[in-house]
Amino acid sequence: MQAFHEVQFPPDISYGITGGPEYSTDVVITGSGYEQRNINWSQARCKYQAAHGVKNENQMKRLLAFFRARRGKAHGFRFKDWLDYSGTNEVIGVGDGTTKDFQLIKTYMDDAGYTEVRKIKKPVTGTVKIYLGGAERTAGWSVDCTTGIVALATPLAADVVITADYEFDVPVRFDTDHCPQSIKDWDIYSWDNIPIVEIRV
């Protein structure tokens with residue numbers, strides 16, 4: 001397994017991204033025209049195109065240094081998805097009198113009540129707030145910002161709900177080993193293709 005670098009892709013460049021969640025589904029059409037849809041992934045994996053974020057020479061130099069430090073596809077890194085980077089009042093567990101560790105999660109729910117639960121493994125340092133039974137706790141807990149595990153100093157009492165507010169990064173890698181740069185005009189720099197893909201960590 002290649003290293004994951006706990007560094008964030010330059011957020012001023014990622015601000016211009018396009019992208020979002022992608023699923024893997026095989027569709028088999030029968031002779032009568034009915035479909036059989038086979039779900040390959042239990043959760044989405046995000047893909048992004050960050051090329052539109054590069055606007056000047058300084059950003060291009062920083063991006064080139066960042067790309068070289070990651071060795072192209074080789075090493076993962078943090079990425080701020082400006083369209084989805086926070087959770088508010090997210091329920092991460094219910095006490096049973098013995099459990100002390102809870103994984104940060106984000107629950108996506110549509111109007112019909114269908115949900116998908118996403119594990120948040122790269123919370124941003126200094127942004128996590130923890131609430132026990134609705135009351136904020138400023139002490140008695142810690143969070144590992146490389147795994148998203150919240151550790152309480154003592155087990156959570158039975159039936160007490162633990163919730164969290166946080167910001168998070170997406171663990172990703174470059175989906176290319178090539179950095180095709182160009183100068184479009186005076187002080188207009190471009191890297192036309194910056195594909196980035198979420199990775200499982």
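This report describes strand pairing, cysteines and a nonpolar surface patch in a predicted model.

## The four-stranded sheet

Four strands form an open sheet in the order 7-15-11-12, and their pairing is antiparallel. The edges of this sheet are strand 7 (86-94) and strand 12 (135-137), each of which pairs on one side only. Ignoring direction, neighbouring strands of the sheet are turned against each other by 30° on average. Strands of a sheet pair through backbone hydrogen bonds, either parallel or antiparallel.

At one end of the strand order, strand 11 (residues 129-132) and strand 12 run antiparallel and are joined by three bridges. Within this pair, Tyr131 stands opposite Glu136, a residue of strand 12.

## The hairpin of strands 13 and 14

Strand 13 (residues 141-144) and strand 14 (residues 149-152) also run antiparallel, with four bridges joining them. Val143 stands opposite Val150, the latter lying in strand 14.

The two strands form a hairpin, with four residues between strand 13 and strand 14. One of the residues in the turn, Gly148, has a positive phi of about 80°.

## Cysteines

A disulfide is a covalent bond between the sulfur atoms of two cysteines. The search of the whole structure finds zero disulfides. Cys46 is in no disulfide, and the cysteine sulfur nearest to that of Cys46 belongs to Cys145, 20 Å away. Cys145 is likewise in no disulfide, its nearest cysteine sulfur being that of Cys46 at 20 Å. A disulfide would require the two sulfur atoms to lie within 2.5 Å.

Are these cysteines buried or exposed? Cys46 counts as buried because its relative accessibility is 7%, and the cut-off for that class is under 20%. Cys145, with a relative accessibility of 13%, therefore also counts as buried.

## A nonpolar surface patch

Val91, Val94 and Val161 make a nonpolar patch of about 210 Å² on the surface. Of these residues, Val94 is placed in strand 7, which is an edge strand of the four-stranded sheet. Val94 counts as partly exposed because its relative accessibility is 46%, a value that falls between the limits of 20% for buried and 50% for exposed.

In a regular strand the side chains alternate between the two faces of the sheet.

Terms used:
Residues are numbered from 1 along each chain as its sequence is written. This is a predicted model: local features need pLDDT of at least 70, side-chain atom pairs count only at pLDDT 80 or more; totals for chains, interfaces and linings use all residues. Side-chain values use heavy atoms; hydrogens and water are left out. Two strands pair if DSSP finds at least two bridges between them. Buried means under 20% relative accessible area, exposed over 50%, partly exposed in between (1.4 Å probe, protein chains only). Axes are lines fitted to C-alpha atoms, for helices over the stretch in contact, and angles run from 0 to 180 degrees between N-to-C directions. Patches are made of residues with over 30% relative accessible area and no salt bridge: like charges are joined within 9 Å, nonpolar side chains (Val, Leu, Ile, Met, Phe, Trp, Tyr) within 5 Å. Accessible areas come from the Shrake-Rupley method with a 1.4 Å probe; for residues, only the protein chains shown count as cover. A salt bridge is a side-chain nitrogen of Lys or Arg within 4 Å of a carboxyl oxygen of Asp or Glu.
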